[in-house]
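Here is a walk through one predicted model, with an eye on its charged side chains. Have the structure open as you read.

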Amino acid sequence: MKKRIEEVINHVQKSSNVSDENKPLILEKLEEWKEEDNAISEVTVRFETWWMEMEPIFAELGWV
């Protein structure tokens with residue numbers, strides 16, 4: 001799981017689809033989730049509010 005979250009972190013950092021305003025918030029939460037064993041369920045719930053910006057990143061990773 002930590003490896004997948006690290007992939008998402010890298011994509012968020014490079015992505016032009018995520019606003020500069022939201023990037024720090026997303027990256028902070030991802031870093032927290034990287035340390036949690038049940039991160040995938042929390043990622044799903046938390047990113048609902050950011051889904052429109054995050055969907056292209058997950059699509060790039062082949063997770064959508």
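## Lys34 and its contacts

Set aside the neighbours within four places in sequence, and Lys34 is in contact with Lys2, Ile5, Glu6 and Ile9. Lys34 itself is found in helix 2. Is its side chain buried or exposed? With a relative accessible area of 15%, Lys34 is buried, because the cut-off for that label is under 20%.

One of those contacts is also a charge pair: Lys34 forms a salt bridge with Glu6, and the closest N and O atoms are 2.7 Å apart. This pair links distant parts of the chain, with Lys34 in helix 2 (residues 23–34) and Glu6 in helix 1 (residues 2–14), 28 residues apart. Glu6 comes out as partly exposed, at a relative accessible area of 29%.

## A small network of charges

As general background, side chains of opposite charge can pair when their charged atoms come close. Lys34 has a second partner here, since its side chain also meets that of Glu31 in a salt bridge (3.1 Å, N to O). The two side chains are joined by a polar contact of 3.1 Å as well. Both residues lie in helix 2, 3 residues apart, which is about one turn of the helix. Glu31 counts as partly exposed, at 37% relative accessibility.

Put those pairs together and you get a network of salt bridges linking Glu6, Glu31 and Lys34.

## The other salt bridge

How many salt bridges does the structure hold? The count is 3. Besides the pairs made by Lys34, the side chains of Glu32 and Lys29 meet in a salt bridge (3.0 Å, N to O). Glu32 and Lys29 are 3 residues apart in helix 2, so about one helical turn separates them. In general, an α-helix has 3.6 residues a turn, so residues three or four places apart point the same way.

In this pair, Lys29 counts as buried at 18% relative accessibility, while Glu32 is partly exposed at 35%.

## Helix 2 as a whole

Which residues of helix 2 are buried? They are Lys23, Ile26, Leu27, Lys29, Leu30, Trp33 and Lys34. Seen down the axis of helix 2, these buried residues fall within an arc of 165°, so they line one face of the helix. Both lysines from the salt bridges, Lys29 and Lys34, are on that buried list.

The length of helix 2 works out too: at 1.5 Å a residue, its 12 residues should span 16 Å, and the end C-alpha atoms are 16 Å apart, which agrees.

## The rest of the chain, and how far to trust it

Zooming out, the chain has 4 helices and 0 strands, and its elements run α-α-α-α from the N terminus on. Of the 64 residues, 36% are buried. Take the contacts between residues at least 6 apart in sequence, and 53% of them join residues at least 24 apart.

As for confidence, the chain averages a pLDDT of 83, and 89% of the residues score at least 70. Which element has the lowest mean pLDDT, and which the highest? Helix 3 (residues 39–46) is at the bottom with 69, and helix 2 at the top with 89. As a general caution, where pLDDT is low, the predicted coordinates should not be read in detail.

How values were computed. Residues numbered from 1 in each chain as written. Predicted model: local features only at pLDDT ≥ 70, side-chain atom pairs only at ≥ 80, totals over all residues. Heavy atoms only, no water. Salt bridge = Lys/Arg side-chain N within 4 Å of Asp/Glu carboxyl O. Helix = DSSP H or I, 4+ residues; strand = E, 2+ residues; numbered from the N terminus. Buried < 20%, exposed > 50% of the residue type's maximum accessible area, 1.4 Å probe, protein only. Expected span 1.5 Å × (residues − 1). Arc of directions from axis to C-beta. Polar contact = N/O pair within 3.5 Å; in protein donor to acceptor, adjacent residues only side chain to side chain. Contact = heavy atoms within 4.5 Å. pLDDT = per-residue confidence, 0-100.
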